[in-house]
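Me: Got a minute to walk through a structure with me? I'd like to start with the fold and then look at the empty space inside.

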Amino acid sequence: MPRILHVLDHSLPLHSGYTFRTRAILKAQQSAGWDISGITGLRQYQHGHRPDAAFETIEGLRFHRTATTVSAPSPLREWREVTALADAIVALHAKWPFEILHAHSPALNGLAALRASRVLGVPLLYEIRAFWEDAAVGNGTGTEGSFKYRLTRTLENYVVRQADAVAVICDGLKQDLIRRGIAPSKITVTPNGVDFEMFGTTVRPDVAFEQSLGLRGANVIGYIGSFYDYEGIDVLIDAMPLMNNQAHLLLVGGGPMERSLRAQSEGSPVADRIHFAGRVRHDAVDRYYGLVDILAYPRKRMRLTELVTPLKPLEAMAQGRLVAASDVGGHHELIRNGDTGTLFPADNPAALALSLDNLLRNKNAWEPMQIRARAFVKQERNWQAIIRRYDPVYNSLLMAIQGASAD
């Protein structure tokens, strides 16, 4: 097995969708016998984790840190971050020689890895989890078409063209790259998956916990995830008083929209049936899954949600929960309407309310749908299957290097 160094924006012990995908990939590769490590750039510190040493082992995974600081106005600061990470990768190679660089977006990571790749003569696989300019628009920190948006897109295009191979997490991203002129043969889809050790068991409701939240005997609609505007939680709150069923809504998580969502809920005519659980530790989330009848994911229609697949619906499906989601492109890659879940028109509270009412009236159809959804995730979206998609990419990179050496 080749030695692989994963180049990361941030990692455990920080908790985010980014770190959980990283954890899953590294754990699955480690279980398969691969020799892997990760290295993080200076964003690890900016996200709030200040390690005591330049090397940490967390949950049995090895992480090297870029132990330096930079200060300068943007964009000079970002360039210095790229340089620091590239230098750290090169220095690590002298201590822990690796055969492949596997860099994960954003493009600044890709730039650092590309620079180190050229110095070391090590091939580079660059993996895109989202187009970060679109993610910035989605979370309210950027504007589509702005100078920063266009610059980020230009940097991404440069890294993609210069990398030896490219991976993306869904077909939406692949098709967008193809429209930019990237050869389909250069792109591998390595989708989001589920760790069945963490999310593969159907959780039964904790009766005492259910009673403590005022949900005993109620039909419960749930949302578990981050509170960003693009997630459409405001649409879900607006849908609640339009439902014929007197269901309760359980919102688990937090984020930039939390304050406005709480204010919206307080003004709702069904405020007494809307419950905020706050942020929950990752290892305690399954208690909340056990309380929910239908997991709702009402993402709004925009470039980010049309192109990128989320992780949370897969986790819910793996646990045997019923899933209802908006009909944006990212959800179409995960859910077959009427077969493994339900898709409803995005940005439409009345359509969402009608969809939820129909599901609650049709409980006889739940179990077959749940079984089919769980089977889909287990067969196609478990991490042991997904990491095998990297094998031909890694092998082709190594063969190309060996061929070049022989010449």
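Reply: Sure, here is a quick tour of the sheet, some helices, two residues and the cavities. Keep in mind that this is a predicted model.

Me: Sheet to begin with, then. In what order do the strands run, and what's the pairing like?

Reply: The order is β3-β4-β2-β1-β5-β6-β7-β8, so written for an open sheet of eight strands, if we follow the DSSP bridges. The pairing is mixed.

Me: Which strands sit at the edges?

Reply: Those are β3 (55-58) and β8 (187-189), and each of them pairs on one side only.

Me: How about twist, what's the average angle between neighbouring strands?

Reply: Neighbouring strands are turned by 25° against each other on average, with direction ignored.

Me: Back to β8 for a sec. In which sense does it pair with β7, and over how many bridges?

Reply: Strand β7 (residues 165-168) and β8 pair in the parallel sense, over three bridges. In one of the pairs, V168 has V189 in β8 as its bridge partner.

Me: And the helices, which strands does α7 lie across?

Reply: Helix α7 (residues 171-179) lies across β6 (124-128), β7 and β8. Relative to β8, α7 runs at about 165°.

Me: Same thing for α3, which strands does that helix cross?

Reply: Helix α3 (residues 76-95) lies across β1 (3-8), β2 (35-40), β4 (61-65) and β5 (100-104). The angle between α3 and β2 is about 150°.

Me: Since you mention β2, let's zoom in on S37. Buried or exposed?

Reply: S37, which lies in strand β2, has a relative accessible area of 1%. The cut-off for buried is under 20%, so S37 counts as buried.

Me: What does S37 touch, apart from its sequence neighbours?

Reply: Leaving aside anything within four places in sequence, S37 is in contact with I4, L5, H6, R62, H64 and W96.

Me: Now E197. Where is that one, and is it buried or exposed?

Reply: E197 lies in helix α8 (residues 196-199). Its relative accessibility is 78%, so E197 counts as exposed.

Me: How far is E197 from Y230?

Reply: Their C-alpha atoms are separated by 30 Å, and the two residues are 33 apart along the chain.

Me: OK, cavities. How many are there of 30 Å³ or more?

Reply: The count comes to two. The largest cavity holds about 110 Å³ of space.

Me: Which residues are closest to the centre of the largest one?

Reply: F20, A24, D195, F199 and E315, out of 13 lining residues. The elements giving two or more residues to that lining are α1 (17-31) and α8. The largest share is from α1, with four residues.

Me: How does the lining of the largest cavity divide by class?

Reply: Seven of the residues are nonpolar, two polar and four charged.

Me: And the second largest cavity, what's its volume and what lines it?

Reply: Its volume is about 100 Å³. The lining is made up of D9, G41, L42, R43, E78, E81, V82, L85, P106, L108 and N109. Helices α3 and α4 (107-120) are the elements that give two or more residues to it.

Me: Which of those gives the most?

Reply: That's α3, with four residues. By class, the lining of the second largest cavity has five nonpolar, two polar and four charged residues.

Note on methods: Residues are numbered from 1 along each chain as its sequence is written. This is a predicted model: local features need pLDDT of at least 70, side-chain atom pairs count only at pLDDT 80 or more; totals for chains, interfaces and linings use all residues. Side-chain values use heavy atoms; hydrogens and water are left out. Two strands pair if DSSP finds at least two bridges between them. Axes are lines fitted to C-alpha atoms, for helices over the stretch in contact, and angles run from 0 to 180 degrees between N-to-C directions. Contact means heavy atoms within 4.5 Å. Buried means under 20% relative accessible area, exposed over 50%, partly exposed in between (1.4 Å probe, protein chains only). On a 1 Å grid over the protein atoms alone, a cavity is a set of points where a 1.4 Å probe fits but cannot get out, and a pocket is an open set with protein on both sides within 12 Å along at least five of seven lines; lining residues have an atom within 4 Å of a point. Grid points are joined across faces, edges and corners, and a volume is the space filled by probe spheres set on the points. Ala, Val, Leu, Ile, Met, Phe, Trp, Tyr, Cys and Pro count as nonpolar, Asp, Glu, Lys and Arg as charged, and the others, Gly among them, as polar.
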